[in-house]
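Let's take a walk through this chain together. Have a look at the fold below, and then we'll go over it piece by piece.

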Amino acid sequence: MEAWQWILVLLAGASAIFVMAAIIWAVFDVLSEVRLDQTTRVLWVLLFVLPLLGLLAWLYAKPRLAGFGSSAGLRKTL
């Protein structure tokens, strides 16, 4: 890999770490807020965590979905 590609990899990694740290901070900040009731805390935590879980679910399911588009995979199931 060339130097500019390594720089892009490092920037992508740094931005991913920043996003994860921001989500973790937000979850702990919501959980420590005393003015919120329990239901509101749970809804806020779900609001922060669901996009991340959705992304992980997509990354997990994507390779499995690639086989469903081919006719050979469909013939095997029939």
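How much accessible surface does the chain have, and what share of that surface belongs to carbon and sulfur atoms? Keep in mind that we're dealing with a predicted model here. The accessible surface comes to about 6,800 Å², and carbon and sulfur atoms account for 76% of that. On the flip side, buried residues make up just 6% of the chain's 78 residues.

Now for the architecture. You'll find 3 helices and 0 strands, so to read the chain from the N terminus on, think α-α-α.

Start with helix α1, which covers residues 3-32. Val19 sits in this helix. Is Val19 buried or exposed? Somewhere in the middle: Val19 counts as partly exposed because its relative accessibility is 45%, and that class runs between the 20% and 50% cut-offs. Val19 also gives us a handle on how the chain comes back on itself in space: Val19 and Leu52 are 33 residues apart in sequence, yet their C-alpha atoms are 9.9 Å apart.

Next up is helix α2, residues 38-66, where Leu46 lies. With a relative accessibility of 41%, Leu46 counts as partly exposed too.

Leu46 has company at the surface. Together with Val42, Leu43, Leu50, Leu53, Leu55, Leu56, Trp58 and Leu59, Leu46 makes a nonpolar surface patch of about 870 Å². Try coloring those residues in your viewer to see the patch laid out.

Terms used. Residues are numbered from 1 along each chain as its sequence is written. This is a predicted model: local features need pLDDT of at least 70, side-chain atom pairs count only at pLDDT 80 or more; totals for chains, interfaces and linings use all residues. Side-chain values use heavy atoms; hydrogens and water are left out. Helices (H or I, at least four residues) and strands (E, at least two) are DSSP runs, numbered from the N terminus. Buried means under 20% relative accessible area, exposed over 50%, partly exposed in between (1.4 Å probe, protein chains only). Accessible areas come from the Shrake-Rupley method with a 1.4 Å probe; for residues, only the protein chains shown count as cover. Patches are made of residues with over 30% relative accessible area and no salt bridge: like charges are joined within 9 Å, nonpolar side chains (Val, Leu, Ile, Met, Phe, Trp, Tyr) within 5 Å. A salt bridge is a side-chain nitrogen of Lys or Arg within 4 Å of a carboxyl oxygen of Asp or Glu.
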